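Let's take a walk through a protein together. Have a look at the picture first, then read on.

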Amino acid sequence: MFYKRILKSNIPESWSEINADQLIKIVLLNECQDINGVDFIECFTGINLKLLIRLDRFINFKLCNLLNFLSEVEPCTHIFFIKKIKGLNLYAPEDKLNGMTFGQFIFCESYYNEWVREPDNESLIRFVGALYLGKKETFSAEGIEKRSLLLNKCSRIKLKAIALNYSMVIRWMQLRYPMVFTEGKKQGDEELSKKMISSVWVKLFESIVGDDLIHRDSYAQLPIHAVLKFMTRKYIEGLKVD
């Protein structure tokens with residue numbers, strides 16, 4: 001047509017810059033469901049699908065190369081992309097797990113690792129039921145069952161996207177508190193290590209509570225970061241003594 005068209009678009013450069021729709025697209029791709037490369041590029045670039053189809057394949061290939069960060073072996077972020085599960089009024093934890101209690105963290109880790117060991121819908125739903133709470137709701141173990149009933153209406157793809165997101169946040173936590181998170185990795189066998197993770201957190205909780213059983217519930221309400229900082233300090237003090 002004797003003229004040039006210039007299209008400006010924002011493309012994420014790291015996992016922390018993607019949005020909820022893009023996360024779900026990634027899960028769909030991993031599930032080998034009906035999604036093609038052009039649909040994928042449209043979701044991540046915002047370029048109209050009709051235009052992408054008309055572009056040369058090499059150009060689409062170059063656009064895909066801009067998303068190389070998606071191939072990272074251990075993706076890491078402190079952000080939850082699906083902030084709210086629409087229709088259920090359930091909300092993700094704050095970024096960096098701020099506001100999450102140690103008790104809620106133990107339940108999330110337990111159900112998540114149970115799902116990793118034996119992927120089934122029930123453990124996945126319970127995991128999300130432990131992670132996502134109602135607006136201004138205080139976590140309690142009894143509430144997991146109630147939220148799990150609501151989550152039966154949620155698509156499995158969205159639940160798996162939340163689980164993927166959680167794994168990235170935990171990776172961020174591992175980098176922030178390496179001394180605490182190495183406890184579950186001391187076992188030589190990888191599968192055994194996964195089975196040990198939930199029990200490790202229970203043991204940590206019991207070591208903090210000690211004989212003060214009267215205030216056991218109060219310890220469970222401690223912020224997760226306060227507990228991890230305390231445990232890190234204890235490990236450092238133990239190294240100095242040795």
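We'll start with the overall layout, then visit the helices, the core, the rings and a few odd spots.

First, some ground rules. This is a predicted model, in which local features need pLDDT of at least 70 and side-chain atom pairs count only at pLDDT 80 or more, while totals for chains, interfaces and linings use all residues. Residues are numbered from 1 along each chain as its sequence is written, and side-chain values use heavy atoms, with hydrogens and water left out.

Now the big picture. The protein chain has 12 helices and 3 strands; here helices (H or I, at least four residues) and strands (E, at least two) are DSSP runs, numbered from the N terminus. Of its 242 residues, 40% are buried. Buried means under 20% relative accessible area, exposed means over 50%, and partly exposed is in between, using a 1.4 Å probe and protein chains only. Another way to look at the chain is through contacts, meaning heavy atoms within 4.5 Å. Among contacts in the protein chain with a separation of 6 or more, 67% are between residues 24 or more positions apart.

Let's begin at α1. Just at its N-terminal end, Asn 19 acts as a cap, with a side-chain oxygen 3.2 Å from the backbone nitrogen of Asp 21. That fits the rule for a polar contact: a pair of N or O atoms within 3.5 Å, where, within protein, one must be able to donate a hydrogen and the other to accept it, and residues adjacent in sequence count only if both atoms are side-chain atoms. Which residues of α1 are buried? They are Gln 22, Leu 23, Ile 26, Val 27 and Leu 28, and they pack against α2 (37-45) and α8 (156-176).

Further along, Asn 60 sits in helix α4. Its relative accessible area is 11%, so Asn 60 counts as buried. If you skip the neighbours within four places in sequence, Asn 60 is in contact with Ile 41, Leu 52 and Leu 55.

Next, the core. A nonpolar core is a set of buried Ala, Val, Leu, Ile, Met, Phe, Trp, Tyr and Cys residues joined through side-chain atoms within 4.5 Å. The largest one here has 61 residues, and Phe 105 and Phe 127 touch the most other members. Helix α8 gives the most to this core, with 11 residues. Phe 127 is worth a closer look: leaving aside neighbours within four places in sequence, its contacts are Cys 108, Tyr 111, Tyr 112, Ile 162, Ala 163 and Tyr 166. Ser 110, from helix α5 (residues 102-117), has its C-alpha atom 8.0 Å from that of Phe 127, with their positions 17 residues apart along the chain. At 28% relative accessibility, Ser 110 is partly exposed.

On to the rings. Rings of Phe, Tyr and Trp (its six-membered ring) pair if their centres lie within 6.5 Å; planes under 30 degrees apart are stacked, over 60 edge-to-face, and the rest tilted. That gives 9 aromatic pairs. One of them is Trp 15 with Phe 69, an edge-to-face pair at 6.1 Å centre to centre and 85° between the planes. Trp 15 lies in the segment before α1 (20-30) and Phe 69 in the loop between α4 (57-65) and β1 (84-85), so this pair ties together parts 54 residues apart in sequence. Both partners are buried, Trp 15 at 5% relative accessibility and Phe 69 at 8%. Elsewhere, ring pairs join Tyr 112, Trp 115, Phe 127 and Tyr 166 into a cluster.

A ring can also have a charge over it, if NZ of Lys or CZ of Arg is within 6 Å of the ring centre and within 35 degrees of the ring normal. Here Lys 135 lies over the face of Tyr 91, 4.8 Å from the ring centre.

Finally, two backbone oddities. Lys 96 has a positive phi of about 65° although it is not a glycine, and this residue lies in the loop between β2 (90-91) and α5. Lys 136 also has a positive phi, near 60°, and is found in the loop between β3 (133-134) and α7 (141-151). Are these two buried or exposed? Lys 96 is partly exposed at 31% relative accessibility, whereas Lys 136 is exposed at 81%.
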